[in-house]
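Got the viewer open? Here is a short walk through the model, one selection at a time.

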Amino acid sequence: MLKKIWGLVAILIPLLTLGGCGVTRLSPIEDLEQKVQSIDYSTKKIVLMEPMIWLDSRDAESGIILPQGIYQLEAESGNYLYFAAPDYIEYRTLREDNEPDRRFLFGGLFLSKKSHKRIPAGAYYSISDLNKVHFWRLGDDFIEMEGEQWQKLF
């Protein structure tokens, strides 16, 4: 009986240990209000060469569409620069009847001022000139697309 228990332990310990080695994908959705300072004039811009679609998971329960075009710097905080989108950002959630709930948000992209940040970029919507809400996190995969799908002009 003791051999069976030790045999079971010998099998379970590696499985439990290796099971924790998988990559956990965090939800990109957040709701974080930020106080910012408006910038009256700046030549800093981000250009999206084509619209970008970001989904929350393989199940695609929600997603955003960032419009193609020039994103002009409009504000900054201690950690991020805020670039206004040339058009509304579309935010979709899939309802139980499989019909999407579509919202069009006035906002843009936020980009970290530091190169090694846990959340290097994301999408925000504007409450006012001095208040922005981070609602979608973009990770290193967005940063790695620089030069191919988007570029900084500064």
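Which residue in E5 is the bridge partner of Met-52? Select Leu-66 and you have it: that is the residue in E5 bridged to Met-52. Keep in mind as you click around that this is a predicted model.

**The sheet**

Now widen the selection to strand E5, residues 62-66, together with E4: the two pair in the antiparallel sense over four bridges. Add E8 and E9 and you have an open sheet of four strands, running in the order E4-E5-E8-E9 with antiparallel pairing. Look at the edges next, where you'll find E4 (52-55) and E9; each has a single partner strand, so one side of each has no neighbour in the sheet. Turn the view to compare neighbouring strands: on average they are rotated by 20 degrees against each other, direction ignored.

**Across E8 and E9**

Stay in the sheet and show the side chains of Glu-90 and Arg-102, which meet in a salt bridge at 2.8 Å, N to O. Glu-90 sits in strand E8 (residues 89-94) and Arg-102 in strand E9 (residues 100-105), so this pair ties together parts twelve residues apart in sequence. Switch on a surface and check the two ends. Glu-90 is buried, with a relative accessible area of 10%, whereas Arg-102 is partly exposed at 44%. Why does Glu-90 count as buried? Its relative accessible area is 10%, and buried means under 20%. Then add Arg-92 to the selection: Glu-90, Arg-92 and Arg-102 are linked in a network of salt bridges.

**Asp-101 and Arg-103**

Next, pick Asp-101 and Arg-103, whose side chains meet in a salt bridge too, at 3.2 Å from N to O. Asp-101 is partly exposed, at a relative accessible area of 22%, and Arg-103 is partly exposed at 46%.

**A longer reach along the chain**

For the last stop, select Lys-113 and Glu-76. They form a salt bridge with their closest N and O atoms 2.9 Å apart. This pair links distant parts of the chain, 37 residues apart: Lys-113 is in the loop between strand E10 (107-112) and strand E11 (121-128), while Glu-76 belongs to strand E6 (residues 69-76). Lys-113 is partly exposed, with a relative accessible area of 40%, and Glu-76 is partly exposed as well, at 26%.

Want to keep hunting? How many salt bridges does a search of the whole structure find? The search finds six, among them the Lys-113 to Glu-76 pair you just selected.

Methods:
Residues numbered from 1 in each chain as written. Predicted model: local features only at pLDDT ≥ 70, side-chain atom pairs only at ≥ 80, totals over all residues. Heavy atoms only, no water. Salt bridge = Lys/Arg side-chain N within 4 Å of Asp/Glu carboxyl O. Buried < 20%, exposed > 50% of the residue type's maximum accessible area, 1.4 Å probe, protein only. Pairing = 2+ DSSP bridges. Axes fitted to C-alpha atoms, helices over the stretch in contact; angles between N-to-C directions.
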